[in-house]
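The following report describes a protein chain in terms of its helices, their packing and their charged pairs. Please consult the sequence and the structure alongside the text.

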Amino acid sequence: MPDSPHDVFSLVTPADIRRIRDSAQENFIKLVDKVFDRMLILKSMRDLPKNPANVKQLLNCIRILTRLIPFIYEPCPDGSSIEDIVLWTLRPRPGSGADYTLGKQLVSATIDLLFTSGFTVPSATVGEDAVVRYTIWENGVGQTSSLGSSKENVSNRIETLRLLLALCCKTMYVPPARSVAVPNKGLHKIAYNANKKMVLCLLCSLLNTSLKESAHGWAIPYRNTTVLDPNNELSLYAMQALFIMLEYQTPPTKTGKNTTSATQPIEAADAEEDAIASTPSMVLLTGTETGSQNLFRAFVAKLHRPQEFDYLTGNIMRLLEETMRSNLSILASVTKQPTRHVMPQEATILLWLLLENNSRFKEHVVDHNRSLRLFSVLLYFMLDGYNDPVQSGMVRTISHILHYLSEDRKFATRLMQPFDQSILPSNMRIVDASLTHADFMINTVFTLLRASKPYLTPVYSNLLLLVRNVSPYLTQISQPTADKLISLFDIISSPAFIISEPYHVRWLIYLIEVFDYVVHYRAADNPHLMYTMVKARSCFTRLKAFDLDKAKSELAALREKKSKLDLTRTIGRSASQSSEAVIDTQSAAASAASPDPSRSITQFGESSTDDHHTGSPALSDKARGKRPDPGTSANSESAEQSARPASSRASVASSKKPAATHQFQPSPEWVFSWLPDLPLDPIIAVLDALAIHIDRITEEVQRDAQLASAQPEAVPGDDAKRDSQLPDDRQHAADTGQTSSETENANVDPTPKVIRWLCTDAMTKALPDLEESMPEIRPRLQGMGPALVVWFRSLLWSLIYASGMKPYGIWKNTHVRLFVVKSTHLA
């Protein structure tokens, strides 16, 4: 008899399972039935805890089913599936002859095993006559005390949760295009279960176990990398099970309701795509025709106690800050637990799910005294992970969280408070002592967009929308931040960049809306930004005079220049580097044929703004007048850019298709659909009005400098006295032989005087009347359409797949279709 999961997974190979499944299907079904029937018998024994042999048999039944079930969902070589035959077809139960559906019974039995006396919960907490009793494992939400579980209880929960994840893994074997339309019957059985007590106990148990803190006292929390901490492993599986239950929703139908019919056509999802895209929440159309709903979501939405919100917020922050400290501290890098499973990726996903499913929790986070600390920590993880493709899923998750929080006016207003850079490593700090959180946010956006990573393309819209939603409340933006924002606008408003991809115009709209809000609401509060906009007003007039033919010529010239540079680099490579040259040439050709949103930003930045902060596209959104519904803008762009999963940890990569060979061909009609609606006129009017006064001030400063540079004729004996009274810069000029006029002309800077004037009432009086063009302050909301649902679902399951690779490889060598597995990383 096997003694461990490793024995079962090594003895029963994928080849053996496929051989019996494909060539002797009846025998395969009998094997599953027999194992399940034995599991039911053992589970119902009242003396199970007293008989170690029976416990061992029960664990082996769980292990065998965990090994077999993924191959039930996996398509057969001929493309057929045995899922319905094995799991969802009525047939006689072995031994009793009564008809039953294996899938439903197996799901129910697995849930019961999570609450079985003496197996997964302590015997002392259950009455003598009770075998299964639903109770909450740990203290936290819904429970004030812990059960005091033994290490055997923890180990058994781990193995049972593995079986639960295997039962719900049908989604892994569905292509991305069909993942929204195809139901997951195992997940539906759990999430839409009518037993509210079971759902509530399971929800609270998973949630509290996920966030449970391991107490190490003063001991150094170092563990050998080969030793797995069972409590951390249990936390990981609990969090993963919680994710898939909160995320699951029944496929939408043409009538707008949901169904679990296995024959639901994929066209149903396409027919409702526009309606779903406008939904301003992750909670899409839920429920069936009978009015049922995902009870996990329903109970999460009902959470309201401040102490429970404090518990959730505090422990999520703890998980994030633990990793942050480990990254920043040399001592922590030596003493941290290298086997920690619940990483920032899972913590950010949990935060997003809670925010989306409970509006009161969002209000609590916004009003929390550590909300700005959370904001700073999230930005830290974006800066820390944007260079690593493996962390692109976490970066995108954080971008959605920040965009969602930016929809709240109170949160946006709080970002104007001073920012303490002491929490950041030295390489992330900005040389400016007067930074606000908004400054740090814009600098972070600039940094990520300047990186121009192809895998960050879906993140860019969220970053721009974040800046856009905050822009009506921006105050005292620093000069370096203003320079970065304007340099981004210079790149994004470049005619060639606008027409290189159809969605680039949305980025432009978002950024234009930032400036529109500033000139209407915050001109007097942002003198540095207004002065920088005046100096760069040619970018706005260039956009106003946009010419499609000139833009096409500019884009063609840039592509030709890039192609020649790539060809030169390829020819210069040695024969030993030929394989690398092929890869680089193909990558360059793909980006030249269809400019990548991130790569093209660097390309245009290097070509047009060499003297600015080039190559970093920061984007914001604010449109006025006739414009798309704010609730749909983010989602519609996401649908255009990517409906494919993001990369997961180490072993899982995105399901990406080859780069498109066709190029976007803009038309005059396309230009007319967006150019007339840009709120350029009021912006240009304000900048022109300010330019008149700024030019006058500049002339005054230069004239005063010239007058001051005129020195009186020297008087004998006064040289030493005069030299002692010279300013340092002029004294230096006298010492070096530089003329006075040359020194004054070199040091004339009208900026201080201009900034002082921009802070006065005179500046406000100089502005034109903007009452008629005043835009309404309203955030662009986050829509959760099919493309984003597919990406998020793929991210969750890719993380589950990756974590399941160790130590047993639950899904290893199975033919998953939701994402692509890089086998070279699985060695």
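A residue is called buried when its relative accessible area is under 20%, exposed when it is over 50%, and partly exposed in between (1.4 Å probe, protein chains only). Helices (H or I, at least four residues) and strands (E, at least two) are DSSP runs, numbered from the N terminus.

The model is predicted: local features need pLDDT of at least 70, side-chain atom pairs count only at pLDDT 80 or more, and totals for chains, interfaces and linings use all residues. Residues are numbered from 1 along each chain as its sequence is written, and side-chain values use heavy atoms, with hydrogens and water left out.

**Overall composition**

The chain has 827 residues, of which 56% count as buried. Its secondary structure comprises 39 helices and 4 strands. Contact here means heavy atoms within 4.5 Å. Among the contacts in the chain with a separation of 6 or more, 80% come from residues 24 or more positions apart.

**Two enclosed helices**

Helix α6 (residues 102-113) is largely enclosed by the rest of the structure, because 9 of its 12 residues are buried. Those buried residues are Leu 102, Gly 103, Leu 106, Val 107, Ala 109, Thr 110, Ile 111, Asp 112 and Leu 113. From its first C-alpha to its last, α6 reaches 16 Å, close to the 16 Å expected at 1.5 Å a residue; the expected span is 1.5 Å times one less than the number of residues.

Helix α26 (residues 527-535) is likewise largely enclosed by the rest of the structure, since 7 of its 9 residues are buried. Pro 527, Leu 529, Met 530, Tyr 531, Thr 532, Met 533 and Val 534 are the buried residues of α26. They pack against α23 (479-492), α25 (504-521), α27, α33 and α37 (751-758).

**A crossing of two helices**

The axes of helix α10 (residues 230-247) and helix α13 (residues 295-302) come within 7 Å and cross at roughly 95 degrees. Axes are lines fitted to C-alpha atoms, for helices over the stretch in contact, and angles run from 0 to 180 degrees between N-to-C directions. The crossing makes α10 roughly perpendicular to α13; angles of 65 to 115 degrees count as roughly perpendicular, under 35 as roughly parallel, over 145 as roughly antiparallel and the rest as oblique. Met 245, Leu 246 and Glu 247 of α10 meet Phe 296, Arg 297 and Val 300 of α13 in this contact.

Val 300 also has a distant counterpart in sequence: its C-alpha atom is separated by 9.9 Å from that of Leu 355, 55 residues apart along the chain. Leu 355 is placed in helix α16 (residues 344-357) and counts as buried at 1% relative accessibility. Leaving aside its neighbours within four places in sequence, Leu 355 is in contact with Phe 361, Lys 362, Val 365, Ile 401, Tyr 404 and Leu 405.

**Salt bridges**

A salt bridge is a side-chain nitrogen of Lys or Arg within 4 Å of a carboxyl oxygen of Asp or Glu. Side chains of opposite charge can pair when their charged atoms come close. The structure holds 28 salt bridges, including the three tabulated here.

| Pair | N to O distance |
|---|---|
| Arg 19 and Asp 16 | 2.6 Å |
| Lys 410 and Asp 367 | 3.2 Å |
| Asp 681 and Lys 544 | 2.8 Å |

Arg 19 and Asp 16 are 3 residues apart in helix α2 (residues 14-23), and are therefore separated by about one helical turn. Asp 16 is partly exposed, at 31% relative accessibility.

Lys 410 lies in helix α20 (residues 409-414) and Asp 367 in helix α17 (residues 359-367), so this pair ties together parts that are 43 residues apart in sequence. Both partners count as partly exposed, Lys 410 at 42% relative accessibility and Asp 367 at 47%.

Asp 681 in helix α33 (residues 680-709) and Lys 544 in helix α27 (residues 537-544) link distant parts of the chain, 137 residues apart. Asp 681 is partly exposed, with a relative accessible area of 47%, and Lys 544 is partly exposed at 45%.

Besides these pairs, Arg 18, Arg 21, Asp 22 and Glu 74 are linked in a network of salt bridges.
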